[in-house]
Every structure is written in structure tokens, then in C-alpha cells.
Amino acid sequence: MGNDQSFWGMLGETDRIALLAVATRVVFESGSVICRQGDETRNVLVVSHGRVRVSRSTLGGEETVLAVRGPGEIIGEVAAVDSQGRSATLTAVDDVDAVVIPAAALKRLCEEHPRITWAVLRVVVSRHRAVGEQLDLRTGTALHRVGAVLLDLAHRGTSDMIATVPLSQRELAGIAGISRETLVRSLKTLRDAGIIATRRTRIDILREGELRSLCDI
């Protein structure tokens, strides 16, 4: 579950056993809403398999995708810590297998297992830094923005030869801060070069090295 940089990957075996002892396994079908922005739930989710889309809605009702979380990642840690409403809506991209941990149980684990506390802190800091990087991204060329977003959102399973991005063009354009028309032109450039293959709600990255080179990443 996850890699060395994920929340789960940062934990030791003892920490994982302690966490699973207070967790409940849950399964969500692809497309199902796990929780909605503003909900008062305090549980945290650690993904075992599948991917979860994290999005926020504006007052005008427009949805913006913030991230896609995969195996080993923790979700909902902010609401568990500050006891405020959910800051985003979580939706299963694939069939998702995960474990749910009550906020009170996570607090006890953090008090008893310093490594879990450190892992949560690293996640919070990493995501805070990512917000700044997304702002910096919007000063680059359209092709650079698109390439960076694709690489950031790409998921590669242990047996996959192709990294995939499970978002629509509208969602990708919103993250990159460009118009849908500009995104379409950038994707065509990458597709014509044989770097990506596009489907309705999925993009396959075929040549990651060439994507980085062409987009100057």
C-alpha cells in the first residue's frame, strides 16, 4: 500500500499494526461520493487501493479539482485536527479499498506513536508546499503548466507500464489555470508527438522522459 513517500510508507511496522487495530475497512464503488465539502465528519481515510479525487466548490457552484490521492495516502487529516467541517469533497475515481480511523483514535495514536505524528506532520507540510507550487505553476507557459499537472496527478500501479491521469479536460484546465481551448491545443501537441494518448476522462502518459523534456520540467 503506497510508496516510501506516502503516509503509509513513512510508518514502521509497529505503527501500522497499531493503526490497523483501531481502523475499519471500507469499500467505495467508482464514482461514489465518500464525503462532501462542509460535512461535519471527523474520520480520516487511508487508501489501500484505488484513487480518490479531492475537489472544492465555489459559492457559484463551480467545482475545482485539487488533487488525486492514491494508495498509502491519508485524507481528511485537517478536519480531524481542527474539528472544522470538511474542506473538500472526496469522490472515488476507481473502486476504492481503504481504512477509516476515528479522529479520537488518531489523536491517541499520535500521542503514543511519535512516528505517526511525524508522518501526519510531513503530509500537512507537503500539501501546504504543493499549494505554493501550484501558484508558481500558473506563471509558466501553457505547455509547461499542462505537463506539470499531468505528472503531478499521474498514477502508476506496481504492474503498470503507463501512468494514467483520470480527469476530464475541464478539470485539468481548471488545475492548470488555463482555458479549455488552450488545454486542447497543448494536449494535441503532446499527442502528436506520441507522448500521451487521450480518452474521454483519462490521459495515458506514454513517454514520461519526453514529456518532461518537451515541457521543460
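**Entry 1: Arg42 and its partner**

I started with Arg42, which counts as partly exposed because its relative accessibility is 22%, just where a cut-off matters: buried would need under 20%. Its salt-bridge partner is Glu40, and the closest N and O atoms of the two are 3.2 Å apart. Glu40 counts as exposed, at 56% relative accessibility. I kept in mind that this is a predicted model.

**Entry 2: How far to trust the model**

I checked the confidence next. The protein chain has a mean pLDDT of 83, and 88% of its residues reach 70 or more. Which strand has the lowest mean pLDDT among the elements, and which the highest? Strand E9, residues 163-165, is the lowest with 74, while strand E1, residues 24-28, is the highest with 96. A reminder to myself: where pLDDT is low, predicted coordinates should not be read in detail.

**Entry 3: The chain as a whole**

I noted 8 helices and 11 strands in the protein chain. Of its 217 residues, 43% are buried. I also looked at contacts with a separation of 6 or more: residues 24 or more positions apart account for 69% of them.

**Entry 4: More salt bridges**

The structure holds 11 salt bridges, and I went through a few more of them. Side chains of opposite charge can pair when their charged atoms come close.

Arg199 pairs with Asp204, and here the closest N and O atoms are 3.4 Å apart. Is Asp204 buried or exposed? Asp204 is buried, because its relative accessible area is 5%. Arg199 counts as exposed, at 53% relative accessibility. I liked this one: a salt bridge with one end exposed and the other buried.

Arg207 and Glu210 meet through their side chains in another salt bridge, 3.7 Å from N to O. Both ends are partly exposed: Arg207 has a relative accessibility of 41%, and Glu210 a relative accessible area of 39%. I then found a network, in which salt bridges with shared partners join Arg69, Glu73, Glu77 and Arg127.

**Entry 5: The largest nonpolar core**

I moved on to the inside. The largest nonpolar core has 24 residues. Those with the most contacts inside it are Leu150, Leu153, Val165, Leu167, Leu172, Leu190 and Leu211. Which elements give two or more residues to this core? They are strand E5 (63-69), helix H5 (142-153), E9, helix H6 (169-176), helix H7 (180-192) and strand E11 (203-205). Helix H5 supplies the largest share, 5 residues.

I picked Leu211 for a closer look. Beyond its neighbours within four places in sequence, Leu211 is in contact with Gly147, Leu150, Leu151, Leu190, Ile195 and Ile205. Another core lies apart from the largest one; it has 21 residues, including Phe7, Met10, Ala18 and Ala103.

**Entry 6: The sheet with E9**

I followed E9 into its sheet. This is an open sheet of 3 strands in the order E9-E11-E10, and the pairing is antiparallel. E9 and strand E10 (196-198) are the edge strands, each pairing on one side only. From one strand to the next, the twist averages 20°. Between E9 and E11 I found 3 bridges, in the antiparallel sense. Val165 stands opposite Ile203 in E11, and Val165 is also among the core residues with the most contacts. I read the details of E9 with some care, given its mean pLDDT of 74.

**Entry 7: The sheet with E5**

A second look-up took me to an open sheet of 4 strands, ordered E2-E7-E4-E5 and paired antiparallel. Its edge strands are strand E2 (33-35) and E5, each of which pairs on one side only. Neighbouring strands of this sheet are turned by 30° against each other on average, with direction ignored.

How many bridges join strand E4 to E5? There are 6, and the two strands run antiparallel, with E4 covering residues 52-57. Val52 has Arg69 in E5 as its bridge partner, and Arg69 belongs to the salt-bridge network with Glu73, Glu77 and Arg127.

**Entry 8: Ile175**

My last stop was Ile175 in helix H6. Ile175 is buried, because its relative accessible area is 7%. Its C-alpha atom is separated by 6.5 Å from that of Val65, although the two residues are 110 residues apart along the chain. Both E5 and H6 give two or more residues to the largest core.

Note on methods:
Residues numbered from 1 in each chain as written. Predicted model: local features only at pLDDT ≥ 70, side-chain atom pairs only at ≥ 80, totals over all residues. Heavy atoms only, no water. pLDDT = per-residue confidence, 0-100. Core = buried A, V, L, I, M, F, W, Y, C linked by side-chain atoms within 4.5 Å. Buried < 20%, exposed > 50% of the residue type's maximum accessible area, 1.4 Å probe, protein only. Contact = heavy atoms within 4.5 Å. Pairing = 2+ DSSP bridges. Axes fitted to C-alpha atoms, helices over the stretch in contact; angles between N-to-C directions. Salt bridge = Lys/Arg side-chain N within 4 Å of Asp/Glu carboxyl O.
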